[in-house]
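Student: Please take one part of this structure and go through it closely. Give the cut-offs as you go.

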Amino acid sequence: MQKYPVADILDVCVEAGRVMLENGAETYRVEDTLYRIAKSYNLVYINVFVVPTALILTVQGSDGQDHTELLRMTDRQTNLEKVSMVNDLSRQLAQRALPPAKVKVKLLNIKNTPRNFSRWQSNLAIALACGGFPLLFGGTYTDIIPAVVAGGLGHIVYEAVNAWTNVSFFAEMVASFFIGLLAVLFISLGFGQDINIIIIASVMSLVPGMAITNSFRDLMAGHLLAGVAVLAKALLTAGAIGIGIAMVLTFL
Amino acid sequence: MNLNYLSYFAAALIATFGFGVLYNVPTRTLFASSISGAVGWIVYYFLAFEIELDLFVGVGVAAFLVAFFSQWYARHFKMPVIVFAIPGIIPLVPGGSAYNMMRAFIEGNPEMALMFATETFLISGAIAVGLSVNSGLFQVFSNRAFGKREKRYLP
């Protein structure tokens, strides 16, 4: 027997799922967490279905009625701290079911948690990270400084265009075009040795290596829809980067 | 030679750290995940370029090791594994071959492109295999999971 209305519990579940999915949790983790939260409120016949762009949750209350809620996701980013906070919350709920109103307040707090680093700090960190990649890809020390500059500026351009147009394909294309231009400029000015190394290291913040790996993990876990969707997005991103770079290299 | 390894370690550490900041990893675990990423990359480099095993084997073992570190950290810091695993595998991720593949396709060189595509998918598959084998092993051998064998969504 539930102490709380099923609709409120569903709201809490969907809100938790939204926070997790928005911040880059894998689909199986979202399904697992929602299942646990719903279970901790003694609901039965819990079915959760999560793909990267939507979330469906169906449960049955003790009165025998089924309840369903659907959530459509639009934008995603990666914020692992929030994922870990929601995970903690679900663990607390598994021990003791809190009233849904309290959980809602906690979720709102998680949602409003600021990022640990300001935009400039994270841009600087990405620039430095791009500086690490030339060595990993077999380049020389002279390639580091061009990669830092091109990678940092490229990521700034990507964020600006993405915020402006909201089309990530276009933003990736423009950013990689810009990175290609900078790399050509650096080589012709005599900084750096290998243009390919500089370009690869600088586009690492855009390249969908992470997405390809995650899609394989989803596929192996049996989440075929999610895996294929993420793979398609990754290939589209790779295409955008390839087009951007190819424009530079063919016309210059 | 030793200096080489040291600089590679530093480069992988910085790369992982930067991506950790981008993904907003909790501050107190940032350095831990950087270490696991750097160690994973050194192992990959050693296996794939010093001993000259297959890329697949090197990446798989390195990903397994990163996942092992992540599981250990996850128990130590009481946070989900994903917080450590996602930044940790960044240096292994096949960004270079993904880029080369797309560039070869667009420049009209399908044979090269297919070669790079195979490499990309093999490497991503190896990372995924390393991670899932590790989490499978941990679920089999972890005492807590033995106690309550109810419905679990296996990763």
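Tutor: What follows is a close look at chain B, from its overall build to one helix pair.

This is a predicted model: local features need pLDDT of at least 70, side-chain atom pairs count only at pLDDT 80 or more, and totals for chains, interfaces and linings use all residues. Residues are numbered from 1 along each chain as its sequence is written, while chains are lettered from A and ligands numbered from 1 in the order in which they are written.

Start with the build. Chain B has 7 helices and 0 strands. Here helices (H or I, at least four residues) and strands (E, at least two) are DSSP runs, numbered from the N terminus. The order of elements is α-α-α-α-α-α-α. The C-alpha trace of chain B spans about 55 × 40 × 30 Å along its principal axes. Of the 155 residues in chain B, 49% are buried (20 or more other C-beta atoms within 10 Å of the residue's own, with C-beta atoms placed from the backbone; 12 or fewer is exposed, in between is partly exposed). Contacts need C-beta atoms, placed from the backbone, within 7 Å. Among contacts in chain B with a separation of 6 or more, 62% link residues 24 or more positions apart.

Now the side facing the partner. Here 45 residues of chain B are in contact with 48 residues of chain A. Four helices of chain B each supply at least two residues of this side: α1 (2-22), α4 (82-88), α5 (95-106) and α6 (110-141). The largest share, 11 residues, comes from α1(B). By class, this side of chain B has 33 nonpolar, 10 polar and 2 charged residues. Nonpolar covers Ala, Val, Leu, Ile, Met, Phe, Trp, Tyr, Cys and Pro; charged covers Asp, Glu, Lys and Arg; the others, Gly among them, are polar.

Two of these helices also pack together. The axes of α5(B) and α6(B) are 8 Å apart, at an angle of about 155 degrees. Therefore α5(B) is roughly antiparallel to α6(B). Axes are lines fitted to C-alpha atoms, for helices over the stretch in contact, and angles run from 0 to 180 degrees between N-to-C directions. Under 35 degrees is roughly parallel, over 145 roughly antiparallel, 65 to 115 roughly perpendicular, the rest oblique. The crossing of α5(B) with α6(B) is left-handed (near helix turned anticlockwise from the far one by less than a right angle; clockwise is right-handed). On α5(B), the contact residues include Met101(B) and Phe105(B); those of α6(B) include Phe116(B) and Ile123(B). This contact has 10 nonpolar, 3 polar and 1 charged residues.

Terms used. Two residues are in contact if their C-beta atoms, placed from the backbone, lie within 7 Å.
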